[in-house]
Amino acid sequence: MQNQVINPATLGKPSGFAHGVKSGDTVYLGGQTALDKDMKIVPGGIIEQFRQSFFNVLETLREAGGQPEDLVSVTIYLTDVDDYMANGREIGKIWRSMAGAEYPALAGIGVSRLWQKEALIEIQGIAVIQGR
């Protein structure tokens, strides 16, 4: 079985990483920060950075032939867990508008910093696309 690298044209061109890799029915979604197409972190704090990061994850999943309901595991890395929790209601609304009411297995992990200094969040995931 050959792995297929997934790099949507709608996202910034990766350098030294892949946005995702499909292996069989499984899609490994690389960690996505709030980079826009120009490879700049979006302004607006944790809410807007969550929206962009999750968009990047879902865009990669769709390019691989999947849908949000195919997510089986999501890990969220945060530089400020308290800020994320304080905005949890709004972030939950964004999740539901982008991916529906069902949630996969989730983990939230506090970290001291991410690759881009201005990044507040990074999201990675695993999806299983059966029969597509």
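User: What makes S4 and S5 paired strands, and in which sense do they pair?

Analyst: DSSP must find at least two bridges between two strands for them to count as paired. S4 and S5 are joined over six bridges, in the parallel sense, so the criterion is met. One example is Ile 76, whose bridge partner in S5 is Gly 108. The model is predicted: local features need pLDDT of at least 70, side-chain atom pairs count only at pLDDT 80 or more, and totals for chains, interfaces and linings use all residues. Residues are numbered from 1 along each chain as its sequence is written, and side-chain values rest on heavy atoms, with hydrogens and water left out.

User: How do you know that S4 also pairs with S6, and in which direction do the two run?

Analyst: Seven bridges connect S4 to S6, and the two strands run antiparallel. Leu 78, for instance, stands opposite Ile 121 in S6. Strands are themselves defined as DSSP runs of type E with at least two residues, helices as runs of H or I with at least four, both numbered from the N terminus.

User: Why are S1 and S5 called edge strands?

Analyst: The six strands form an open sheet of mixed pairing, in the order S1-S2-S3-S6-S4-S5. S1 (4-6) and S5 (105-110) each have a single partner strand, so one side of each lacks a neighbour in the sheet. From one strand to the next, the twist averages 15°. Helix H1 (residues 45-63) packs on this sheet, touching S1, S2, S3 (26-32), S4 (71-78) and S6 (121-128), and its direction makes about 25° with that of S6. Touching, or contact, means heavy atoms within 4.5 Å; angles run from 0 to 180 degrees between N-to-C directions, with axes fitted to C-alpha atoms, for helices over the stretch in contact.

User: What makes S2 and S3 a hairpin?

Analyst: S2 and S3 pair in the antiparallel sense over four bridges, and two residues lie between them. Gly 24, in the turn, has a positive phi of about 65°. Ser 23 stands opposite Thr 26 in S3.

User: Why is S3 described as largely enclosed?

Analyst: Buried means under 20% relative accessible area, exposed means over 50%, and partly exposed lies in between (1.4 Å probe, protein chains only). Five of the seven residues of S3 are buried, so the strand is largely enclosed by the rest of the structure. S3 is also joined to S6 by five bridges, the two running antiparallel, and Val 27 has Ala 127 as its bridge partner in S6.

User: Is Pro 8 buried or exposed, and how do you know?

Analyst: Pro 8 has a relative accessible area of 4% and is therefore buried. This residue is in the loop between S1 and S2 and touches His 19, Glu 59, Thr 60 and Glu 63, leaving aside residues up to four places away in sequence. Pro 8 and Thr 60 are 52 residues apart in sequence, with their C-alpha atoms 6.1 Å apart in space.

User: What makes the contact of Glu 48 and Arg 51 a salt bridge?

Analyst: The rule requires a side-chain nitrogen of Lys or Arg within 4 Å of a carboxyl oxygen of Asp or Glu. Between Glu 48 and Arg 51 the N to O distance is 3.2 Å, so the pair satisfies the rule. By this rule the count comes to one salt bridge. Both residues lie in H1, three residues apart, about one turn of the helix. Glu 48, at 30% relative accessibility, is partly exposed, as is Arg 51 at 32%.

User: Why are Tyr 28, Val 72 and Ile 126 called a nonpolar patch?

Analyst: A patch consists of residues with over 30% relative accessible area and no salt bridge; nonpolar side chains (Val, Leu, Ile, Met, Phe, Trp, Tyr) are joined within 5 Å, like charges within 9 Å. Ile 126, in S6, passes the area criterion with 31% and is partly exposed. Tyr 28, Val 72 and Ile 126 together have about 240 Å² of accessible area, by the Shrake-Rupley method with a 1.4 Å probe, only the protein chains shown counting as cover for residues.

User: What makes the phi of Met 39 worth noting?

Analyst: Most residues other than glycine have a negative phi. Met 39 has a positive phi of about 65° although it is not a glycine. Met 39 is in the loop between S3 and H1 and, at 32% relative accessibility, counts as partly exposed.
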